[in-house]
Structures are given as C-alpha cells and as structure tokens.
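Got the viewer open and a selection box ready? Let's take a walk through this one, stop by stop.

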Amino acid sequence: MSIQNLNTRDPFADAQKGNDDDIQDGLIHIRIQQRNGRKTLTTVQGLSQEYDLKKIVRACKKEFACNGTVVEHQEYGEVLQLQGDQRENICQWLTKVGLAKADQLKVHGF
C-alpha cells in the first residue's frame, strides 16, 4: 500500500513549456497603483494565456503573505492584482519559478 499524498508535486508543471526559448512570448508589465493613503496595489499584466493565473495568484499570496485576485480588464485582458508594493518580489519570483526571463519584465513606477 502506498501513500499518494506524500509524493512531491510541482504546482507549475502544467504551466511550464518544454524548452526555455518560449517561456513567455511578450513583455510582462508590473505596475503599482496608489489607493487610499499609504495603501498600494501591484498589477501584473501580459502573462501568457497558457498559464493558469489563479494558480499563480494562489502561490504568490502564500509566498508574499498578501491578498490577490485575477481581474478581467477590458483593454489588457486578465490581470493579476496583489495588495501592497510587490514589484521586486514578483520580479524575483517569476524568474525563480521560470515563468519569465529577467529581460521580459518591465517594471513601472520607480
């Protein structure tokens, strides 16, 4: 008898492609928006449609200890929203996980 839930599982195995050349087809834009007072919102736009954005948001929420969601924008399509200033965190995380290369990330608002 084997225990199935102790096997290691990569949550992004279905999101990663075979070769490194086509990780991401375009630029990923990471922006910050001011809310009330000191509150900010980080938006990530331009991720490939092949990725499951809800899984990415779930992993980011756990990694950065913040809340987040996927919203549908009429001009940009599906956009990730994370609470707080997560620009540096999301850049490092996307390259660490292998969803994008460093030259494909465009950070706005410095």
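Below is a tour that goes from the overall fold to the sheet, the core, a helix and a few single residues.

**Stop 1: the whole chain.** Keep in mind that this is a predicted model. Colour by secondary structure and you should find 2 helices and 5 strands in the protein chain. Going along the sequence, they come in the pattern β-β-α-β-β-α-β. The protein chain has 110 residues, and 35% of them count as buried. If you like contact maps, take the contacts between residues at least 6 apart in sequence: 52% of these join residues at least 24 apart.

**Stop 2: the sheet.** Select the strands. They form an open sheet of 5 strands in the order E3-E4-E2-E1-E5, and the pairing is mixed. At the edges sit strand E3 (68-73) and strand E5 (105-107), each of which pairs on one side only. Neighbouring strands of the sheet are turned by 25° against each other on average, direction ignored.

**Stop 3: the E3-E4 hairpin.** Now narrow the selection to E3 and to strand E4, residues 77-83. The two run antiparallel and are joined by 6 bridges, while a hairpin links E3 to E4 through 3 residues. Show Val71 and you will find Val79 in E4 as its bridge partner. Show Glu72 as well: the residue opposite it in E4 is Glu78.

**Stop 4: the other side of E4.** Add strand E2, residues 40-45, which pairs with E4 in the antiparallel sense over 5 bridges. For a landmark here, pick Thr43, which stands opposite Gln81 in E4.

**Stop 5: Thr40.** Stay on strand E2 and click Thr40. Is Thr40 buried or exposed? Its relative accessible area is 15%, under the 20% cut-off, so Thr40 counts as buried. Expand the selection to what Thr40 touches, leaving out residues up to four places away in sequence, and you get Ile32, Gln33, Gln34, Arg35, Gln83, Gly84 and Asp85. Draw a distance to Asp85 while you are there: the backbone nitrogen of Asp85 lies 3.3 Å from a polar atom of the Thr40 side chain.

**Stop 6: the nonpolar core.** Next, select Ile28, Leu47, Ile56, Ile90, Trp93 and Leu94, the residues with the most contacts inside the largest nonpolar core, which has 21 residues. The elements that give two or more residues to this core are strand E1 (28-34), helix H1 (53-64), E4 and helix H2 (87-97).

**Stop 7: helix H2.** Show the side chains of Arg87, Ile90, Cys91, Trp93, Leu94 and Val97, which are buried in H2. Looking for a pattern in the numbering? An α-helix has 3.6 residues a turn, so residues three or four places apart point the same way. What covers the buried residues of H2 includes E1, E2, H1, E4 and E5. Just past the helix, select Gly98, which follows H2 and has a positive phi, near 100°.

**Stop 8: the cysteines.** How many disulfides are there? The count comes to 0. Cys66 is in no disulfide, and the nearest cysteine sulfur, that of Cys60, is 7.4 Å away. That is beyond the 2.5 Å cut-off for a disulfide. Cys66 is buried, with a relative accessible area of 14%. Cys91, back in H2, counts as buried too, at 13% relative accessibility.

Note on methods:
Residues are numbered from 1 along each chain as its sequence is written. This is a predicted model: local features need pLDDT of at least 70, side-chain atom pairs count only at pLDDT 80 or more; totals for chains, interfaces and linings use all residues. Side-chain values use heavy atoms; hydrogens and water are left out. Two strands pair if DSSP finds at least two bridges between them. Helices (H or I, at least four residues) and strands (E, at least two) are DSSP runs, numbered from the N terminus. Axes are lines fitted to C-alpha atoms, for helices over the stretch in contact, and angles run from 0 to 180 degrees between N-to-C directions. Buried means under 20% relative accessible area, exposed over 50%, partly exposed in between (1.4 Å probe, protein chains only). A nonpolar core is a set of buried Ala, Val, Leu, Ile, Met, Phe, Trp, Tyr and Cys residues joined through side-chain atoms within 4.5 Å. A polar contact is a pair of N or O atoms within 3.5 Å; within protein, one must be able to donate a hydrogen and the other to accept it, and residues adjacent in sequence count only if both atoms are side-chain atoms. Contact means heavy atoms within 4.5 Å.
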